[in-house]
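User: I am new to this structure and would like to learn how to read a few of its features. Could you take me through them step by step?

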Amino acid sequence: MATPYLSALPIRRLTLRDLTACADLSEDRGWPREEHKWGFLLTAGKGYGIDDPHGGLVSACVVTEYGPQDRPDLAAIGMVLVAERHARQGIGRHLMRHIVSAMGTTPLTLHATPNGRPLYEELGFKVTGRAEMLRGHFTPGGPTTGVATRAATAEDLTSIVRLDEEVFGADRTHIVTRLPAFADRLCVAEEGGRLIGYAGAWPNMDTHVIGPLVARDPETAKALIASLAAHTDRPLRTDIDVRHEELLLWAKERGLESVAFNSVMTYGIPELPGDWTRRIAPVTVAAG
């Protein structure tokens, strides 16, 4: 249980004015500051936090909703953080209970670390999948896929939004339309003039994160990753659904190493909507 003093503190909505405080909270817990990602999440989603009377934030998280604004089809919870000085006092549980209650009947999802999983299970979340985080310098080589890729243009956005909704199972227009500004590179894969996949690479500290990654098949995913890797000298990072075994093996052969596994959890639905066979990696695990 949260201490009476801390549980009495109000939970409020966060805005971009709280960006530095959110980054400070990340740093306090030993995470990278990730200001670029925080800015994206606070504008595309809804931030919630508890102010520390002595300055900064006691706790914070972000909820990203998908589908109709008045009745979302799905909401992803991410960046759940509690300041080290207030850790192990029930604050995370207090904040999460507030979020679950505020979301009502909206189905929820999140990526849980091994440390966070027990709390989410206590709140009623169920493990429905796993994602493997990979990181490293990509080494080109091996057989070519024969899949045509190119940089995305403004004219591609409508097709990308349409494909993304079909694969994800909910409307993510507010995410997809932010990608050209958020990502350093956005590329598409085509066959016969038809879009069969797309992917972005966005800067996060010293890496480029590949996500979202949507692809018709493993060969298309490989072509998109190779295309993005060819335009950066930074290490790559991505979080791939473990069911994509062929792609994971290929990525490791190309120099990316396994860093961690996270549990994909849901609340209110038995599994995520959409087509997992084409949903390879999220834009960020914080946004589902």
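Analyst: Let us start with a single residue in this predicted model: glutamate 84 has a relative accessibility of 37%, and because partly exposed covers values between 20% and 50%, glutamate 84 counts as partly exposed.

User: Which residue forms a salt bridge with glutamate 84?

Analyst: The general idea is that side chains of opposite charge can pair when their charged atoms come close. Here the partner of glutamate 84 is arginine 29, and the closest N and O atoms of the two are 3.1 Å apart. This pair links distant parts of the chain, since glutamate 84 sits in the loop between β4 and α4 while arginine 29 sits in the loop between α2 (19-28) and α3 (35-44), 55 residues apart. Arginine 29, with a relative accessible area of 30%, is partly exposed as well.

User: How many salt bridges are there by this rule, and which residues are joined into one network by sharing partners?

Analyst: The count comes to 26 salt bridges. One of them is formed by aspartate 24 and arginine 33, whose closest N and O atoms are 2.8 Å apart, and aspartate 24 is partly exposed at 37% relative accessibility. Another is formed by arginine 172 and aspartate 164, with their closest N and O atoms 2.6 Å apart, and both arginine 172 and aspartate 164 are buried. As for the network, salt bridges that share partners join Asp24, Glu27, Arg33 and Glu35.

User: How far apart are the end C-alpha atoms of helix α4, and what span should its 12 residues have?

Analyst: The reasoning uses a rise of 1.5 Å a residue, by which the 12 residues of α4 (residues 91-102) should span 16 Å; the end C-alpha atoms of α4 are 17 Å apart, which agrees. The buried residues in α4 are Ile91, Gly92, Leu95, Met96, Ile99 and Val100. Seen down the axis of α4, these buried residues fall within an arc of 165 degrees, so they line one face of the helix. After α4 comes glycine 104, whose phi is positive, near 60 degrees.

User: How much space lies in the largest pocket, and which residues are the closest to its centre?

Analyst: The general idea is that rolling a probe the size of a water molecule over the atoms shows where empty space is left. In this model the largest pocket holds about 1,200 Å³ of space. It is lined by 38 residues, and the closest to its centre are Trp31, Val80, Leu81, Thr113 and Tyr120. Two or more lining residues come from each of β4 (74-82), α4, β5 (108-112), α5 (117-122), β6 (126-136) and β12 (257-267), and the largest share, 6 residues, comes from β4. Sorted by class, this lining has 19 nonpolar, 11 polar and 8 charged residues.

User: What does the lining of the second largest pocket have, by class, and which element gives the largest share of it?

Analyst: The second largest pocket, with about 380 Å³ of space, has a lining of 11 nonpolar, 6 polar and 7 charged residues. Of its 24 lining residues, Asp241, Arg243, Val264, Leu272 and Arg279 lie nearest the centre. At least two lining residues are supplied by each of β5, β6, β11 (236-241) and β13 (279-281), with β6 giving the largest share, 4 residues.

Key
Residues are numbered from 1 along each chain as its sequence is written. This is a predicted model: local features need pLDDT of at least 70, side-chain atom pairs count only at pLDDT 80 or more; totals for chains, interfaces and linings use all residues. Side-chain values use heavy atoms; hydrogens and water are left out. The expected span of a helix is 1.5 Å times one less than its number of residues. Buried means under 20% relative accessible area, exposed over 50%, partly exposed in between (1.4 Å probe, protein chains only). The arc is that of the directions from the helix axis to the C-beta atoms. On a 1 Å grid over the protein atoms alone, a cavity is a set of points where a 1.4 Å probe fits but cannot get out, and a pocket is an open set with protein on both sides within 12 Å along at least five of seven lines; lining residues have an atom within 4 Å of a point. Grid points are joined across faces, edges and corners, and a volume is the space filled by probe spheres set on the points. Ala, Val, Leu, Ile, Met, Phe, Trp, Tyr, Cys and Pro count as nonpolar, Asp, Glu, Lys and Arg as charged, and the others, Gly among them, as polar. A salt bridge is a side-chain nitrogen of Lys or Arg within 4 Å of a carboxyl oxygen of Asp or Glu.
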